[in-house]
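Colleague: I have a model open and some questions about salt bridges and helix packing. Can you take me through it?

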Amino acid sequence: MLEILVTAIIAFIVAFLAIPVVMLIADKKKLYDIPDERKLHTHAIASLGGVGVFIGFLFAGLLCINFSSAPEMRYFLAAAALTFFIGLKDDIIALSATKKFVAQIIAAAIIIHLGGVRLESMHGVFGIETLDPMYGVPLTYFTIILIINAYNLIDGIDGLSGSLGLMATLLFGTYFLLAKMYPYAAFSFGLSAALMAFLIFNYHPAKIFLGDSGSLLVGMVVSILVLKFIHVASEPGAALPITSAVAVGVSVLIVPLVDTIRVFGNRILRGRSPFSPDRNHVHHLLLDRGLGHSTVTLICVMANISLILITYLSRGFGNTALIMALFGTSFIALAILYYTLPKRKLVIHRRYVVNQANKERLSAPSQSKVINLQTKEQVQNRVH
């Protein structure tokens with residue numbers, strides 16, 4: 001218990017002290033997320049918040065987690081470090097989707113083949129129990145990569161990805177604490193504490209963004225936690241067994257999962273790359289209704305918590321029925337939100353720098369913004 005408390009305190013303090021330093025370095029080195037017609041912010045803001053989160057999380061984990069009782073933790077931290085550095089490179093120097101995907105596969109391989117975390121059973125989902133490794137291993141790769149990208153893609157407004165990550169790690173950490181799996185509880189609460197420190201600087205108006213380095217890290221850690229939770233909580237002889245643990249685990253991730261699946265499916269059906277940016281995420285649909293960043297974040301988190309509570313209280317219905325109900329309800333809600341949205345009427349307005357000597361317009365625009373034709377007001381538009 002002391003190990004967990006010390007891990008969380010150290011992670012919070014280190015992250016809280018590191019983030020202002022990161023902001024200062026970003027300011028001096030001009031490492032900004034520059035606003036344009038696709039961004040929601042209107043001035044240059046550093047997108048390196050993940051650096052502070054990672055430093056706090058890693059330092060506390062290496063210092064406090066008991067690796068002798070859970071040797072697989074060192075592989076989890078290695079996978080998290082790989083994911084973080086790939087995201088950091090993408091934050092500083094744009095990285096292709098292919099390279100990021102390959103790095104995610106390598107990180108997933110570390111978790112599966114060295115860390116020993118893999119899907120060995122479907123626990124009755126669609127009537128399937130034991131999974132042959134020929135199917136279980138690829139399904140685990142898919143699950144890890146999907147969750148990593150889900151938290152990355154939903155990081156589109158102030159506080160959202162960090163809040164959803166904080167909620168997930170707190171819930172899984174609490175389960176592992178009650179189940180007396182203290183290294184996993186420390187692993188969970190270490191990231192929770194680092195995210196708490198980060199959110200102090202990230203809630204609207206944000207002073208710093210999580211960036212790919214942070215959102216990919218959150219997704220990686222949450223993927224490990226949910227797979228371990230499902231494996232442990234589904235066992236009848238577990239210290240704290242939970243009926244329909246698969247559905248409960250899915251419910252914790254339901255908002256980023258449904259948003260990512262819907263957006264990817266929409267892009268593919270339109271003949272576009274699933275990683276191409278657009279403005280169809282759930283937070284964009286809510287913003288287009290005139291809601292602010294903090295309100296949208298609160299709605300998404302409260303909706304996620306409500307679905308978790310409903311799933312947990314209904315766990316007697318079984319994994320299959322609950323998972324189908326979760327996704328069905330979520331997709332119907334998003335469809336209603338999308339099709340009842342007033343039609344967007346936007347135009348990109350560009351302001352050019354003019355050479356005062358010859359009054360000639362320069363070849364490149366200096367500023368651009370999106371204008372609502374109905375209200376004549378600027379529309380903020382940062383997307384993933």
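Modeller: What follows covers the salt bridges, then one pair of helices. This is a predicted model, where local features need pLDDT of at least 70, side-chain atom pairs count only at pLDDT 80 or more, and totals for chains, interfaces and linings use all residues. Residues are numbered from 1 along each chain as its sequence is written, and side-chain values use heavy atoms, with hydrogens and water left out.

Colleague: How many salt bridges are there?

Modeller: Two, counting a side-chain nitrogen of Lys or Arg within 4 Å of a carboxyl oxygen of Asp or Glu. Asp90 pairs with Lys100, with the closest N and O atoms 3.2 Å apart. Asp212 also pairs with Lys100, at 3.3 Å. The three residues Asp90, Lys100 and Asp212 form a salt-bridge network.

Colleague: Is Asp212 buried or exposed?

Modeller: Buried, because its relative accessible area is 8%; buried means under 20%, exposed over 50%, partly exposed in between (1.4 Å probe, protein chains only). Lys100 is buried too, at 16%, and Asp90 is buried at 15%.

Colleague: New topic. How do H8 and H9 cross?

Modeller: The axes of H8 (residues 211-233) and H9 (residues 245-252) come within 9 Å and cross at roughly 160 degrees. Axes are lines fitted to C-alpha atoms over the stretch in contact, with angles from 0 to 180 degrees between N-to-C directions. The two helices are therefore roughly antiparallel, a label for angles over 145 degrees. Helices here are DSSP runs (H or I) of at least four residues, numbered from the N terminus.

Technical notes. Angles under 35 degrees count as roughly parallel, over 145 as roughly antiparallel, 65 to 115 as roughly perpendicular and the rest as oblique.
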